[in-house]
Amino acid sequence: MAEARVAGGGCCPPMDLFRSEAMQLVQLIIPIESAHHTVSYIGDLGLLQFKDLNADKSPFQRTYAAQVKLGELEAELLVLNKAGEFFSSAFSRATAQQKEIESQQTGEESLDTPLLEDKEISIESSKQVKLGFITGLVLKEKSMLFERIIFRATRGNVYTRQAAVEEPVIDPVSGEKVEKNVFVVFYSGEKAKTKILKICEAFGANRYSFTEDFGKQVQMISEVSGRLSELKTTIDAGLLQKSNLLQTISDRFVQWNTLVREEKSIYHTMNMLSLDVTKKCLVAEGWSPVFATNLIQDALQRAAFDSNSQVGTILQVLHTSESPPTYFRTNKFTSAFQDIVDAYGVAKYQEANPGVYTIVTFPFLFAIMFGDWGHGICMLLAALVFIIREKKLSGQKLGDITEMTFGGRYVILMMAFFSIYTGLIYNEFFSVPFKLFAPSAYACRDLSCRDATTYGLIKVRPTYPFGVDPVWHGSRSELPFLNSLKMKLSILIGVAQMNLGIILSYFNATYFKNSVNIWFQFIPQMIFLNSLFGYLSLLIILKWCTGSQADLYHLVLLLSALVSVPWMLLPKPFLLKKQHQARQGESYMPLQSTEDSLQVEANHDSHGHEEFEFSEVFVHQMIHTIEFVLGAVSNTASYLRLWALSLAHSELSSVFYEKVLLLAWGYNNIIILVVGAIVFIFRNCWCVAGDGNSERFLTCLASSLGGIPK
C-alpha cells in the first residue's frame with residue numbers, strides 16, 4: 001500500500017524513524033453543510049488518508065460529479081494563460097509591419113508626383129491619350145493565367161500590375177477564406193475596357209471602383225487615412241486596456257490556479273465519501289496515525305464552527321483486520337533520505353525503516369568516491385547557501401535542476417561533511433597532499449634519494465597518525481598502494497552494509513514473532529554471506545593488522561555456504577503449509593450469536609483471506625533464494641564501483657593539477673599563469689557540480705539500497 005508522509009514540524013511528538021507510526025482506521029460522519037470545510041481542513045492537516053467508499057460507482061454516478069464544472073474553470077484559466085502570449089505576439093507583429101510600411105513610404109514617391117516629366121507633358125493636348133484603369137482581386141492560383149489572357153486579348157496594349165495579399169481574405173461569393181492577388185490594369189480605349197471586364201467576369205475577379213479624378217482621389221485618401229487613424233487610436237486604447245487586464249490576470253493566475261486545484265481535490269475527495277440513507281450526512285473512512293487523533297478532532301471542530309453547522313462531525317475508531325498503510329513522519333532533514341529509500345521500495349507496516357541508516361550510509365558511500373576535502377568544502381559552501389536561504393527559496397518557483405538540488409540540500413550537506421572526512425583520510429586537497437597532522441614518517445636515506453620515488457626512503461618517525469602518509473602521493477608506488485587500499489575498503493564497507501540489511505530482517509522477524517524467518521531465512525543468509533565474503537573481509541583486516549597471509553578459503557566454510565542454500569529453500573514452504581493447515585483446524589469453532597456471526601461473515605466477505613497455494617509459495621521462496629545468492633555476489637562486485645570512481649576522481653584531479661596549474665606556473669608568464677589558474681578553478685567547480693556526480697549518485701543509490709531486505 002502506498003506510503004503517506006508529511007514533512008512535519010513542531011506539532012507532532014518526537015519522531016520514531018526506526019518503525020512506521022501506529023495506524024488506526026477511523027470513521028467520520030460529516031454533516032452535509034460542513035463537508036467542504038471538513039475535507040479542506042483535514043487535507044491541510046495531511047494526517048488522514050481517505051478510503052474510496054464508492055469504488056463500485058462510475059465517475060458520473062458520484063455525489064458531486066456535476067456540482068461544479070472544474071474542467072471548464074481549468075480550460076478558462078488555460079485560455080487566459082495563452083491570451084497573454086497571443087496579444088504579445090500580435091502586438092510585436094503589428095509593430096514590425098508598421099515600421100516596414102513607414103520604411104517603404106520613405107523610399108517611394110508620393111501620389112502627387114507626376115508620372116511624366118515636364119517636357120513630356122508639354123505635348124499638344126490633342127495628341128494626349130487618356131488612360132483608364134480597372135482594379136480588383138483575383139485568385140492567386142489564377143493570377144498568371146489571368147494576366148496572360150488579358151495580354152493576348154488586348155495584343156499587349158495594357159499595363160498590368162499584381163501584388164499578393166499577405167493574409168487570406170473572405171471571398172464575397174463563397175464566403176471562405178482564400179488567397180488572392182491585387183491587380184490594376186491600365187488600358188486605352190473602350191474596346192480594351194470591354195474585353196478586360198469580360199475576362200474579369202470569366203475569372204470571377206472582384207472589381208473595386210477607384211475614381212479617376214485626382215482631387216477626389218486625394219479626398220478619398222484623406223478620409224481613409226482619418227478612419228485608419230481613428231481605428232489605430234481605438235486599437236491602441238483596446239490593447240492598453242487588454243494589457244492592463246492581462247497583467248492583473250497574470251498577477252493572480254497562480255493564486256486562481258491553486259484555488260481551482262484545491263477545489264478540485266476537495267470535491268474529488270468528497271466523491272470518495274458515501275452518502276447516508278437520510279442524505280443529510282456523508283460517511284468517510286480513512287487511515288490516520290494514532291497520535292493524530294487530537295489534531296483531527298481540532299480540525300473537525302474548526303470546520304463545524306466556520307461552516308455554522310449545528311451538529312459536529314462524529315469520529316470513531318474502527319477495528320479491522322486490513323493491513324494499514326506505512327506512514328513515516330519526516331522533517332526537512334530526513335525527508336530527502338526517506339525518498340531515497342522509497343525509490344527502492346516502501347517498507348511494510350511496522351517494519352524496520354532503513355531510512356535511518358541511509359542518513360549515514362548514503363553520503364558516506366558518495367564520499368568514498370569523492371574523497372577530496374577541497375572539493376568537499378566547495379560542496380559544503382553550496383549546501384549552506386541553500387540552507388541559509390531556504391525560507392526565501394521555498395516560496396519561489398525554481399527550475400527543475402535547481403528545485404531538485406534545493407530539495408536535497410541536506411543530503412548535499414551530509415555528503416560534503418563525509419567528503420571532507422574521507423578527503424582527510426586520502427590526504428587530498430584538490431589532489432595536493434598536505435602534512436596536516438604530523439611530518440611524514442619517511443625520509444631519504446642519502447642525498448641521492450629523490451622525493452618523487454620510494455627508492456631510498458626509510459622510516460625515521462612514527463606512523464602518520466591519520467590518513468595516508470603524504471609521501472605516497474607522487475611516488476612510483478602511489479597507484480598500486482591506493483588501488484589496494486580503496487579496493488579492499490570498498491569490499492569491507494559493502495559486506496558490512498549487506499550484513500546490516502540481514503540484521504534488520506532479524507529485527508523484523510523478532511518484532512512480528514516470526515520464528516520461521518529467523519531459523520530459515522536470517523541464519524542461513526548470515527552463514528552464506530559470511531562464509532564467503534565475511535571471511536574474505538576478515539583476511540583483509542588480519543593482513544592489515546599483522547601483515548601475515550592466510551588461506552583464502554577453508555573447506556568448512558565452503559560447505560557451510562553450500563548447505564545454507566537448501567536451508568533457505570526447502571524447509572520454509574513446508575512449515576508455512578503446516579501452519580496454514582493448523583489455522584484451518586482452528587477455524588472450526590462453536591457457533592456464535594446471529595449478530596456476531598453476521599459481522600464475522602461480513603468482515604470475511606469484505607476483507608477475505610488469501611488461499612494458500614503451496615506451489616506459489618515454493619516458487620516464491622525459490623526466487624527469493626536465487627535472488628539472495630546471486631545478489632550477494634553481484635552486490636559485492638558492485639561495491640567495487642566505489643573504488644573505480646574514487647580512483648578516476650583522484651587521477652583526473654591530479655592530471656589537471658600537474659598538466660594545467662604546474663605547467664602554467666613553469667612558464668613564468670603572468671598571462672599563461674592566469675589562464676591556467678582560471679582553467680584549474682573552473683575544472684574544480686565543474687568537478688563539484690558535475691564530473692560524474694550523477695553517476696556517483698546512482699552508484700550510491702544502488703550500493704546503499706543493495707543490502708536492504710525486501
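## Helix 14 and helix 15

Helix axes that meet at an angle over 145 degrees count as roughly antiparallel. In this predicted model, helix 14 covers residues 478–511 and helix 15 covers residues 515–546. Their axes cross at roughly 160°. Helix 14 and helix 15 are therefore roughly antiparallel to each other. The two axes come within 10 Å.

The crossing of this pair is left-handed. What kinds of residue make up the contact of helix 14 with helix 15? There are 19 nonpolar residues, 8 polar ones and 2 charged ones. Two packed helices are described by the angle between their axes and by the distance between the axes.

## Confidence

The average pLDDT of the chain is 78. A score of at least 70 is reached by 77% of the residues. Residues 104–125 have a pLDDT below 50. That stretch has 7 contacts in the model beyond near neighbours in sequence.

Residues 588–609 also fall below 50 in pLDDT. For residues 588–609 the model again gives 7 contacts beyond near neighbours in sequence.

## The chain overall

The chain has 710 residues, and 36% of them are buried. Its secondary structure comprises 22 helices and 15 strands.

How many of the chain's contacts with a separation of 6 or more join residues 24 or more positions apart? The share is 78%.

## Two serines in helix 20

Helix 20 spans residues 640–665 and includes S646. Is S646 buried or exposed? The cut-off for buried is under 20% relative accessible area. S646 has 2% relative accessibility, so S646 counts as buried. Which residues does S646 touch, leaving aside neighbours within four places in sequence? The contacts are I368, M369, Y426 and K486. One of these, K486, falls within the residue range of helix 14. S646 also has a C-alpha partner far away in sequence: F370 is 276 residues apart along the chain. The C-alpha atoms of S646 and F370 are separated by 6.1 Å.

S653 lies in helix 20 as well. S653 is buried because its relative accessibility is 2%. Where does V432 stand relative to S653? In sequence, S653 and V432 are 221 residues apart. In space, their C-alpha atoms are 8.9 Å apart.

Note on methods: Residues are numbered from 1 along each chain as its sequence is written. This is a predicted model: local features need pLDDT of at least 70, side-chain atom pairs count only at pLDDT 80 or more; totals for chains, interfaces and linings use all residues. Side-chain values use heavy atoms; hydrogens and water are left out. pLDDT is the predictor's confidence in each residue, from 0 to 100. Contact means heavy atoms within 4.5 Å. Axes are lines fitted to C-alpha atoms, for helices over the stretch in contact, and angles run from 0 to 180 degrees between N-to-C directions. Helices (H or I, at least four residues) and strands (E, at least two) are DSSP runs, numbered from the N terminus. Angles under 35 degrees count as roughly parallel, over 145 as roughly antiparallel, 65 to 115 as roughly perpendicular and the rest as oblique. A crossing is left-handed if the near helix is turned anticlockwise from the far one by less than a right angle, and right-handed if clockwise. Ala, Val, Leu, Ile, Met, Phe, Trp, Tyr, Cys and Pro count as nonpolar, Asp, Glu, Lys and Arg as charged, and the others, Gly among them, as polar. Buried means under 20% relative accessible area, exposed over 50%, partly exposed in between (1.4 Å probe, protein chains only).
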